[in-house]
Amino acid sequence: MNKLYCLPLGETMRNKFIEDAKQFAYGQAVFVVPGHILLDEVKKAGSVRTVIMDYLPNELLRANHLDVYTRISRPAQEMVIKQIIKSLVKKGELSYFAKLADKKGFIKNMVSFIGELSRGGITCEEFYAALQAWERTDYLQAKDMEIYHIYLLYRQELKKQKRYDVDGLYRLAIRALQKENCIVPWEKLYFSEFYQFDNLQIELLKALSKHCSIEVGLFYDAERPELSAATENAYMDFMGMGFIKEQLQEFTPRNQGLDHFVRSWQRERPLVGAADGIIVFEAYSVENEMRGVLGKIKQQLQAGVACRDIICVVRSMEEYNGFSNLFKEFGIPTTLPEVTGFTAQPLAKFIENIMKTVAAGYEIDVWKELLNNVFVDRIFGINHEQIEASYNEKYFASPNVLQEFVENKFPQSRIGELFNFIASLKSKSTPADFTNNFLQALEGWSLEKSYGEVYKANKITLKQLKAVVTTKNMVTEILEEMVGAFEQSGQGKQKRPISEFLEFWEERAKEKIITLSQGDKLGIKVVEASTIQGILFPHVYLMGMREGQFPKVKFENWIYNDQERKALNELGVTLPLTIASMKIDQYFFAAVAAMAQQSLTISYYADDAAAASCYVQELQQYYEKEALVPTFYNTDVAHCYSAEELAGILVQQEFLAVAEDVWLTNKLGVDFAFRKFLDKERWTGNNIFNGYLEQKQECKYLSASALDNYVQCPFNYLVTNIWQTEPWEPLEKETQPAVIGDLYHLALAKFLNKHLEENIGLADYSILLEELMLDLADVYGQLAAQGLISESEFSKYDYKRYRIVLGKWLLAEQAYQANQKINLLPKYLELAFGRKDSTLPGVPISIDGEETIFSGQIDRVDTDGNNYMLTDYKSGTVPSAKGVALGRFLQLPVYILAVEKLLSVERSKIIGAGYYGLKNCKRSGGLWENTLKEDLPWLYNTRPNNLSMVMENAESAIAASIRGIRNSAFPANPAEKCPAYCPCLDICRYRVSDGTQDTGEEVEDNV
């Protein structure tokens, strides 16, 4: 006799089924549950064999000696589908999906959709018949037929290779049950805590019901159709199979508020006085939510509540990374294991990069990353940090050059073994050969022995050693899975490109997790809502009750949208709809809340993106107004449950008692009082931690560019000009911007040097261009010979760009010279002063009785014999007019002083100085005499900075800067907004400091 027990919310048949099963010999009765958490719960009784659903078809096939088929893995399924699609494209039989054929997302979605068809029990024939009855036309008909053919060919391929997927497993078992002499090894089956069964599972149970007795415990309440929507299909299926229905009543004791929820949720019931036992907790971040929950749990534990009486339930553990670490911080035992990511392990990255060196055609950047790995230090005896440092000093054009460098730098190392191994890997190989090569190399590296010695020397912890060994085992596991997947897809003996092995590795590696330590079985349980129902706990914490998180909308597979799915459902092809996931989540919420007997704490975090879940809002309708007002987690000394939180509170106190001061000193160090105020105090007064140094600086010599650097940001000047540090920046195959700037400057100087005091405005452009290109080629060759220009596959394109820029410059220069009313022509080019190799001395400027000698190099000085004009070429961004006017850019004013003093030019004859942008080949900005607006074409329709006013401001700024340098005043105080590219950002922390601006503020780049 087969029975269906229809249970009220929060009730279970588990204990009754366990008692009933005791009448059978062990193994004759089987208890079936939907997941491993419930499996462990039932196994505690120790009197009945407990299994999950997939055990039944597997055991049936084994008992009847029909287990000749082998199961295909999900990666192998994707490979089979990929092959089928590729074949259809090649034959010209795929038009609708042709553009998606090589997309990984399409392959994965097609495999998922085929799984939906299979779990729905839809055969290829049934699917085809439904599509014919649908009678769609044109491109939609093409779509339907292509999906059908992929499904058909997939089923045929599995049959041909005698393999099955999870769905095929059930079909084989159902077929076995239809035979006359089928052996069914059980007398009775119990099913508890399920909320749904797919069509194949129902078909299996229907076939089993003819051989053994089945009893099912299922939540279903006809008076609550909204809540019962998640289990309605299962209820209807069992009733259709002739199960005898028995309706049970509530019998679990709960306090008043929780009992009201269980009886009233999704019903119309009168309000009650108070939500006794229900607490709503709102946080401002996911970490604050976790801390708040742990604080409440710690309170309960201190009050004598046992860990076994508390459970934390979340919708998805992915939302709560680091939860186990916080349990540890609060000193609370938990079932959560301590884990770390597989892909973050040096060995995992190393293996992946070896594959990339071959798959990417020996790209130099992949080789750099391969050798910049701590793993190579221990195994091959080289220093990866020294190798990384060499990337900043030397450009490696090819892997061979890099290999030769490493072998010469570390002659006693074993690095040659690695290079030989990589050289032995072929671009194409059978999966087995490829894997065997890797596994042999892996064993040859003797990881356990090598890292075991490091552990014995106390250089790594036991967890770190375990991570290395576990990573090695997982590497082996992934490689062996790969061989299996290729064999299952019929490609095991084929030579495949290494890029396919790399793709498999990347897909599987990101799914792997390394467990550093197991959770405490006696600690606080932390589970996902989908994995647990029907187990009672005095205290339940239901976390993640946030919009978009619980309920979590699960969109349907896009192969067919909801509208198409509804049409197919009417034609007998059962496919889930988006609304189904909402109904299931609603049931999860109710089932978890119903587990609580004494208290239910519902928590979430709210921010600008989302607030409380609709369930929280709906729940408040079942209780009187203000009965469920959210509480918040605000720690203070009296309510603090971790040492880290206590330290965070105490450091904010202005005064501490002796005991508190001693405790905090032991935990944070003797200088904690100084450090806690440093981030704000460093910005007040002349604080040494903001670049105000005690030792005075000499300022006898100063370049014009260094002066500009100081004005823009004194701290940047300290780092780059006094400490002379450089950013950690590997040399790339692209030529550096500074070198490109030199190339333009030198080529233009070489060209114009042949046309000094000559107006080329009306000259033949083509002749001048040919001359300029020859000068460019000459300068380019010189820089290349010095190793400053990187020869790469992009070189010819870069050179073409240089030619285009200079060609445009020549057009612009001819137009300027032809149209200017003052015949200003080049006279001095790359005019250096105060430098070691210059003929002109530096420019002395006396400030407070002390002299500072300025040096620099003026790109170009034009004159008509009476008036003088200075030009500064810019291959990057031109300084802003406002910055020049305010004295934030002093290079041009210093150059004016140099021309005045070194060339004996009266100030009145210097009519201006400006920038010549090589990006757009235009003159702009600078400082000019206002009377020249109609005489110089680049000043038409502009409001140029007045030369006299700018020079006055500049001379004041020069004096202030020199005084600042002499007084060692180098504060982080940018003249304009702090640029994101500044190499000093990580030192000064100006952009993120509480004392300067809001944390994380986006700041525009400025030059």
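The exercises below, each with a worked solution, concern a predicted model.

**Exercise 1. Strand 2 and its neighbours**

Task: Determine how many residues of strand 2 are buried, and which strands pair with strand 2.

Solution:
- Step 1. Strand 2 covers residues 29-33, and five of its five residues are buried, so this strand is largely enclosed by the rest of the structure.
- Step 2. In a regular strand, side chains alternate between the two faces of the sheet.
- Step 3. In strand 2, Ala29, Phe31 and Val33 point one way, while Val30 and Val32 point the other way; all are buried.
- Step 4. Strand 6 pairs with strand 2 in the parallel sense, over four bridges. Within this pairing, Val30 stands opposite Leu189 of strand 6.
- Step 5. Strand 3, residues 49-52, also pairs with strand 2 in the parallel sense, over four bridges. Here the bridge partner of Phe31 is Thr50.

**Exercise 2. Strand 22 between two partners**

Task: Find which strands pair with strand 22, and state for each whether the pairing is parallel or antiparallel.

Solution:
- Step 1. Strand 22 spans residues 868-874 and is mostly covered, with six of its seven residues buried.
- Step 2. Strand 21, residues 850-863, is joined to strand 22 by four bridges, and the two run antiparallel. One of the bridge pairs is Thr863 with Tyr868 in strand 22.
- Step 3. Strands 21 and 22 form a hairpin with four residues between the strands, where Gly865 takes a positive phi near 100 degrees.
- Step 4. Strand 23, residues 910-917, pairs with strand 22 in the parallel sense over seven bridges. In this pairing, Thr871 has Gly914 of strand 23 as its bridge partner.
- Result. Strand 22 has an antiparallel pairing with strand 21 and a parallel pairing with strand 23.

**Exercise 3. Unusual backbone geometry**

Task: For Glu193 and Ser446, which have a positive phi although neither is a glycine, decide whether each is buried or partly exposed. Then locate the cis peptide bond between Phe550 and Pro551.

Solution:
- Step 1. Most residues other than glycine have a negative phi, and most peptide bonds are trans.
- Step 2. Glu193 has a phi of about 70 degrees. This residue is in the loop between strand 6 (188-192) and helix 9 (199-208). Its relative accessible area is 6%, under the 20% cut-off, so Glu193 is buried.
- Step 3. Ser446 has a phi of about 50 degrees. Its place is the loop between helix 21 (431-444) and helix 22 (447-456). Its relative accessibility is 32%, so Ser446 counts as partly exposed.
- Step 4. The peptide bond joining Phe550 and Pro551 is cis, with omega at about 10 degrees. Pro551 lies in the loop between strand 16 (537-542) and helix 25 (562-570).

**Exercise 4. Two surface patches**

Task: State which residues form the negative surface patch and which make the nonpolar one, then place one residue of each in its element.

Solution:
- Step 1. The negative patch is formed by Glu363, Asp365, Glu369, Glu732 and Glu734.
- Step 2. From this patch, take Glu734, which is found in the loop between helix 32 (714-722) and helix 33 (737-752). Because its relative accessibility is 39%, Glu734 counts as partly exposed.
- Step 3. The nonpolar patch, of about 290 Å², is made by Phe674, Ile688 and Phe689.
- Step 4. From the nonpolar patch, take Phe674, which is found in helix 30, residues 672-681. Because its relative accessibility is 44%, Phe674 counts as partly exposed.

**Exercise 5. Separation along the chain and in space**

Task: For the pairs Ala129 with Gly572 and Phe833 with Ile858, give the separation along the chain and the distance between C-alpha atoms.

Solution:
- Step 1. Ala129 is in helix 6, residues 124-134. With 45% relative accessibility, Ala129 counts as partly exposed.
- Step 2. Ala129 and Gly572 are 443 residues apart along the chain, and their C-alpha atoms are separated by 9.6 Å.
- Step 3. Phe833 is found in strand 19, residues 825-833. With 1% relative accessibility, Phe833 counts as buried.
- Step 4. Phe833 and Ile858 are 25 residues apart along the chain, and 8.5 Å separates their C-alpha atoms.

Notes: Residues numbered from 1 in each chain as written. Predicted model: local features only at pLDDT ≥ 70, side-chain atom pairs only at ≥ 80, totals over all residues. Heavy atoms only, no water. Patch = residues over 30% accessible without salt bridge, like charges linked within 9 Å, V, L, I, M, F, W, Y side chains within 5 Å. Areas by Shrake-Rupley, 256 points an atom, 1.4 Å probe, with all protein chains shown as cover. Salt bridge = Lys/Arg side-chain N within 4 Å of Asp/Glu carboxyl O. Lys, Arg positive; Asp, Glu negative; His and termini not counted. Charge placed at Lys NZ, Arg CZ, Asp CG, Glu CD. Buried < 20%, exposed > 50% of the residue type's maximum accessible area, 1.4 Å probe, protein only. Pairing = 2+ DSSP bridges.
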